[in-house]
Amino acid sequence: MPYELLFETIVYPGVIFLCLVIWLTQWYHRKVYARMQSRIGPLHTGPFGILQPIADYLKLFFKEDVSIEGSHPRLALTLISIAIGSLVALTLMLPITPFRPIVAEYDVMLAMYLLVWPTIAIALIGMLTPNPFSAVGASRIFSMTLAYEVTFVASILTPIILSTAIGASNYSLYHSCLNAWRLWFNPYTIIPMTLALIAALISLQCKLLSKPFDIPEAETEIVAGPFTEYSGFKLALIIGLHDLEMVVGSLLITMLFFGGFTPFAWLPWYLAMMITVIEYVVIVTILTWIKAMTARLRIDQALVIFWKYILPMAAIALLTSIVITYLVA
Amino acid sequence: MTWTNYIAGLAALQPFLAIFAAFALPLISLLAKRRQIWECFTLTILLINFALSLIVFYYMYNFSCKPLLYAFGSWPPPIGIVYTIDRGASLIGLLINGLVLTAMIFSIRYMEHEGGTQWYYTLMLGFEAGMLGCVYTGDIFNLFVMLEVMSISAYGLVAFRRETHEAVEAAIKYAIVGSVATTIYFIAVIFAYGSFGTLNMADLALKLKDSTLPITGPPIGDILIGSTVFLTLAFWALSLKAAIAPNHFWLPDAHPAAPSPISALLSGIMVKVAIFALMRYMLTIFKGTIPTFPVVELLNYTLITMGVLSTILGSTLMLVQRDIKRLIAYGTILNIGYIAMGVGLANLSGLVASLFHIVNHAIGKALLFMAAGAYIHVTGSRDLDELTGVGRRMPFTTAAYLVGALALAGAPPLSCFMSKLLLFKAYLESGWLAPLVVVIVLTSVFALMGYLKVFYHVYAKQPTRDISSVKEAPTLMVVPLLVLASLCIVLGIAAPIIVDNVIVPGALSLLNTQDYVLAAQEAAKLIMEGG
Amino acid sequence: MVSLLLAVLEVSLAIAVTVLILLAAYAFSIKFTRSMTQKSNEKRKPFACGESISSLKTGLPDAGLYTAVWRLVFKSLYNTLRDRLHTGILSDWLMWMLIFMVVIVVVSMMVVSL
């Protein structure tokens, strides 16, 4: 039985598959982002520049890994690896896992912890280098964690609680993903679902440290924030972690809010697969669109926005879902 | 006499052995003025107690599913004092003995430069006696006595470094507040005795159901009012002893001021003993009885509210601390909040989570305080800014600290993650309290940030001063740390087995009023017939 | 469907496997790049504004690492909480405690008598 788990961790939907998805997503993301800013984007490496992300990773892979005096390179490496590992493990909990997904009753908390780890790891690796920019970046991440982790957790919980209310799952991520799409066809559950979806998208944007919430790595102020002192393979891993967060976050929203292929299970498998991919691409496009549309906020503005608008939105969604649970019961 | 009497006797022997040794040690110190002799004596007593509690634990979990009862002086239950040992009590008893033993071994080198260690060990033995008595006792007045024994030893231990002003201040504060709590508990006992006419826990439970033990008659007063006032006041007093917000404020002063092994005991198990007594009242004795049911329910919701408040206060205040021990002490308030939230649910899954969290947190918190003690022993400072970089010179201590910190903050698959997961599950099952899981996740993140702040200062941060003279702590201090750290890992990885085989039976025994009462009835009958 | 605690162990196994893969890739990368780079201590030294400084001086005051921003953003709330509630005076706390006690006693008596 662990052999299946090993296969899933290493090949599909684990490391190798995720590497492929990161590659394609990054290419698409850059291309779209560039078009939205009236640029062209990657062009020369491969057809339409499709090999550009691979070229970037390879470049970092073969660069020298310099670590400054007084930093802790091994600890940093372990932390990033664990963060990447936790996102890979989260993928194994989604319904795209073929043979033996990790699924248990009440496993949402596990998923939430796995989602929190990358943020903490990024902040910590910033604290591990003796550089004012990284310390400021880490401090900013920690300050914002409170705002957006709560929002993200609450908005992820909403479809799970609602799908438990309709009797389709028992607080397990897997079964919620299989059934949460039904909630869009009910006039009562559509309100919390909409609110939760908006809150999830915005707080995912904040988790990804992209505009307008790229305060911790604001390159015009603090170079690269927590990542300032990292180079070579470790920088490749950090960028990989960031890209993986985008992939897994979008995948999670795709599967949890729209069910991916599950509403179309009656179609031939390749069509269902295509639909999943299209949903995923739409989510990525929305994230890119927000990023292209906005400019960086100041940290107090971002915190006030979260506390005044986005967190109440997620809280209302969560409370509504609890009320609906009671009305159903 | 059967085997069961001997086993119950072995449990009842433990507090007596400890208190006897506590009185004997000052006399011994008059005769023998060598520190080693005092240490050997204390260590022997603690080892014997540990072995005894291990036997009791093994027996309870393998051969006896009913609570055992030991009647002192062979007086039948409502008249004499009884000790009632069920699986939950034997588990906590084992935990107490194990941790006191670890702390004692740690103290040998930690206290080597301090004078008056005979008093230190005397108080430590008294402390153990008090805690064991609180857990094993089946008598509400004896619980008061044992709370006082425990608390007075604790006041003395907090004030042990009497040359520092903060220890004296903290001890006075703690003593004032603690005495208020025990006095209120005493008043509560008066209400119970005045209305029920009994001090026996099993008898209380019986009288609430219109039945009695063979000797006593019906209640002598209005048991509705009596039990309400008793329960509320006892709840308040015990919540103060357990440091659940808003009654938590003495803890961040008192726990850091004590010597580190004592902080480990205070934070590790003393607050858990109070929570355990609370569990006894709210889940074993007064649960489900018709007249007091609304009060119990009210108090359960109060406990949940207080638990949520504790987690939020503890986790946010942790982040702003500069004193390493104070930071860890705020972590205790946070975790007590989790335990209270589990107890407040008053069902099996909540209790299982709480009981498992009690065990995990006791071990993890003892580890953290002892690791902090090792840093303080080596550098002589509690300020995080003065500890920068010392962890680099103390790899074993830092590794143990990191394991403990990750375990307490809830990193899978270490121990506290598993118990928090169970708490999470209990809350999701509970229906309308489900949004509180957000609090659990959020405060866990805070806890991680707080504990890692210490790690950041002692290890990751660039040293601001020359640390080349710092050496690894002595072996006798490192070994207990490593033992506790490996326990954190084992409890996490073996959690599925441990929960099924140890925690769930313990929680079931705590929830089983029927068997608890039956044990007392049978013992009373047996003693009356046998003479 | 396995039990919840076993799921945690499975997740941990997956994380461990991924970490091992990444560490192996790192070892490979180091082995590959080491032959191409020059060994020098110069590049590991910290610089500030182009000047080399001692690594003991690279630390910065970080007492407010977690809280500085919050104190700025919610300044009035922070001040109120600190000045009104967190006074540190024993009598204040005893007052809160006793108020709490009276409240729960009164409420529970009301619950019983109703």
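**Exercise 1. Work out how chain B is packed, starting from its contacts.**

Solution. Start with contacts in chain B between residues at least 6 apart in sequence: 81% of them join residues at least 24 apart. Two residues are in contact if their C-beta atoms, placed from the backbone, lie within 7 Å. The model is predicted: local features need pLDDT of at least 70, side-chain atom pairs count only at pLDDT 80 or more, and totals for chains, interfaces and linings use all residues. Residues are numbered from 1 along each chain as its sequence is written, while chains are lettered from A and ligands numbered from 1 in the order in which they are written.

Next, take burial. Of the 531 residues in chain B, 67% are buried. A residue is buried if 20 or more other C-beta atoms, placed from the backbone, lie within 10 Å of its own.

Then check the overall dimensions. The C-alpha trace of chain B spans about 75 × 60 × 40 Å along its principal axes. Its radius of gyration is 22 Å, which agrees with the value near 24 Å for a compact globule of 531 residues. The radius is taken over C-alpha atoms, and the globule rule is 2.2 Å times the number of residues to the power 0.38.

Last, list the elements. Chain B holds 20 helices and two strands. Helices (H or I, at least four residues) and strands (E, at least two) are DSSP runs, numbered from the N terminus.

**Exercise 2. Describe the contact between chains B and C.**

Solution. Count each side. Chain B supplies 33 residues and chain C supplies 28 residues. On the chain B side, α6 (165-196), α8 (223-241), α11 (293-319), α16 (415-429) and α19 (495-511) each give at least two residues. α8(B) gives the most, with six residues.

Now sort the chain B side by class. There are 23 nonpolar, six polar and four charged residues. Ala, Val, Leu, Ile, Met, Phe, Trp, Tyr, Cys and Pro count as nonpolar, Asp, Glu, Lys and Arg as charged, and the others, Gly among them, as polar.

**Exercise 3. Do the same for chains A and C, then follow α10(A).**

Solution. Here chain A brings 45 residues and chain C brings 39 residues. Elements giving two or more residues on the chain A side include α4 (73-92) and α10 (232-258). α4(A) has the largest share, nine residues. By class, the chain A side has 29 nonpolar, nine polar and seven charged residues.

Turn to α10(A). This helix has 27 residues and reaches 38 Å from its first C-alpha to its last, close to the expected 39 Å. The expected span is 1.5 Å times one less than the number of residues. Of its 27 residues, 25 are buried. Just after α10(A), A:Gly259 takes a positive phi of about 80 degrees.

**Exercise 4. Locate the largest nonpolar core and the place of chain C in it.**

Solution. The core has 373 residues. Such a core is a set of buried Ala, Val, Leu, Ile, Met, Phe, Trp, Tyr and Cys residues joined through C-beta atoms within 7 Å. Residues with the most contacts inside it include A:Ile80 and B:Val158. α6(A) gives the most to this core, with 20 residues. Domain 1 (1-35) and domain 2 (85-114) of chain C each add at least three residues.

Look closer at B:Val158. Leaving out residues up to four places away in sequence, B:Val158 touches B:Ala167, B:Ala170, B:Ala171, B:Tyr174, B:Ala254, B:Ala257 and B:Ala258.

Finish with chain C. Its domain bounds come from an automatic or database domain assignment. The centres of its domains 1 and 2, taken over C-alpha atoms, are 52 Å apart. Of its 114 residues, 25% count as buried. From the N terminus on, its elements run α-β-β-α-α-α.

Key
Buried ≥ 20, exposed ≤ 12 C-beta atoms within 10 Å, placed from the backbone.
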